[in-house]
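I opened this model to look up one helix and the packing of nonpolar residues. My notes follow the structure.

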Amino acid sequence: MRLLGKRWIALTLAVLLTVGIFAYVMGGINAPSAANRYRTTLAHGGEALWRGLSGIVQRSTNYTGYTPLADIPETENGYVPQGYCYCEAADAYIISYYHDKDASVLSMVDAQTGKRQKTVVLHQNDGTPFTGHAGGVADDDTYVYICDGNTIYRISLERLQTASDGAPVMLTESIVTDVKCSYIGTDGEYLYAGEFYTYYSDGRYDTDPTHHMQVSTTELSFARCNAYALSEIENAFAKTPETTVTPTMSFTVPNRVQGFTRLSDGQFALSVSYGRNTDSWLYTYADVTKGEPAYYLTYPDRDVPVYSLCRTDITARLRLPPLLEGIDTKDGKVTGIFESGAEKYKNGKFILNSICEFE
């Protein structure tokens, strides 16, 4: 009976495994499509397992492929760096920060000397301190853009340059998006605004369920990055109340994306990180816009093409220290920042309080 019982258990497990594999594969046959519940549950379980193992298994800290360019200011004052861009018009690095107990700020760092030029304090349109996450910052040589939640703000670069150190700067112009913006970037033609996603049962990093898509037979995406034509959204910023804007195109992106930039050859670079003891990754993806869209989104004024950034589109990858955040390009190279130098992360496995250039 014991042998028979064991055989029944083995047979039952084999059947369940076979059914599971069949359901998993069949769920992706018609990709891209809305992610079904079975595959979503498997993906979420894998995400939770990955986070758990990443916190236990400590890989080598012998990182290569990055060169420090300048120190990140203000981390000694409790600020946590988030967004980053290189502003060619000012020849300066611009960094956005949040603070757990104070207003968010922007810093400018001279790209030639590596010295802090100024730090300005962000204020709401009504004059109250802006305490948002300030997850991303970008510029187009005329305006500086800052994102927080579903809102993107802009201020003129001239206003930022003429502001004195420590002065308040008002966020008077904004637009609303249908993505929860954690990072932004520009390439001179488009403003890219995207979501961060990783699974928790309490939903702390949830995204809109309609953004959860089966993008290949073996891959799900739970977040999007929208691309807005700068020429189209120019007037929307000046309107009151805030205007919800329609993207020109959109991308499905992987989990844990912290930064997004487009390279001069059309490829895309994404910074992926989560956790003070977990490696970051800089992934380069092929220019998927040269192919056909994976599907379309229907907006009141037009249908918007969506392109999928899948694992099979990765052309290069670089393992980096924990807590890589915003990225941009400078002189043809990807550059970016880490938040590990902030006081709240000083117990991480590798501290890097630098603006860096990557291979």
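These entries cover the helix, then the cores.

I noted first that the model is predicted: local features need pLDDT of at least 70, side-chain atom pairs count only at pLDDT 80 or more, and totals for chains, interfaces and linings use all residues. Residues are numbered from 1 along each chain as its sequence is written, and side-chain values use heavy atoms, without hydrogens and water.

**Helix H2.** Helices are DSSP runs of H or I, at least four residues, and strands are runs of E, at least two, numbered from the N terminus. I looked up the buried residues of H2 (under 20% relative accessible area, 1.4 Å probe, protein chains only). They are Arg39, Thr40, His44, Glu47, Arg51 and Ser54. Seen down the axis of H2, they fall within an arc of 140°, so they line one face. I took that arc from the directions from the helix axis to the C-beta atoms. On the other side, Thr41, Leu49 and Ile56 are exposed, exposed being over 50%.

**Cores.** A nonpolar core is a set of buried Ala, Val, Leu, Ile, Met, Phe, Trp, Tyr and Cys residues joined through side-chain atoms within 4.5 Å. Which members of the largest core touch the most others? Of its 25 residues, they are Tyr192, Phe251, Val253, Phe260, Phe268, Leu270 and Leu309. Strands S12, S15, S17, S18, S19 and S20 each give two or more residues to this core. S15 gives the largest share, 4 residues. I also found a second, separate core of 21 residues, including Cys85, Ile94, Met108 and Val120.
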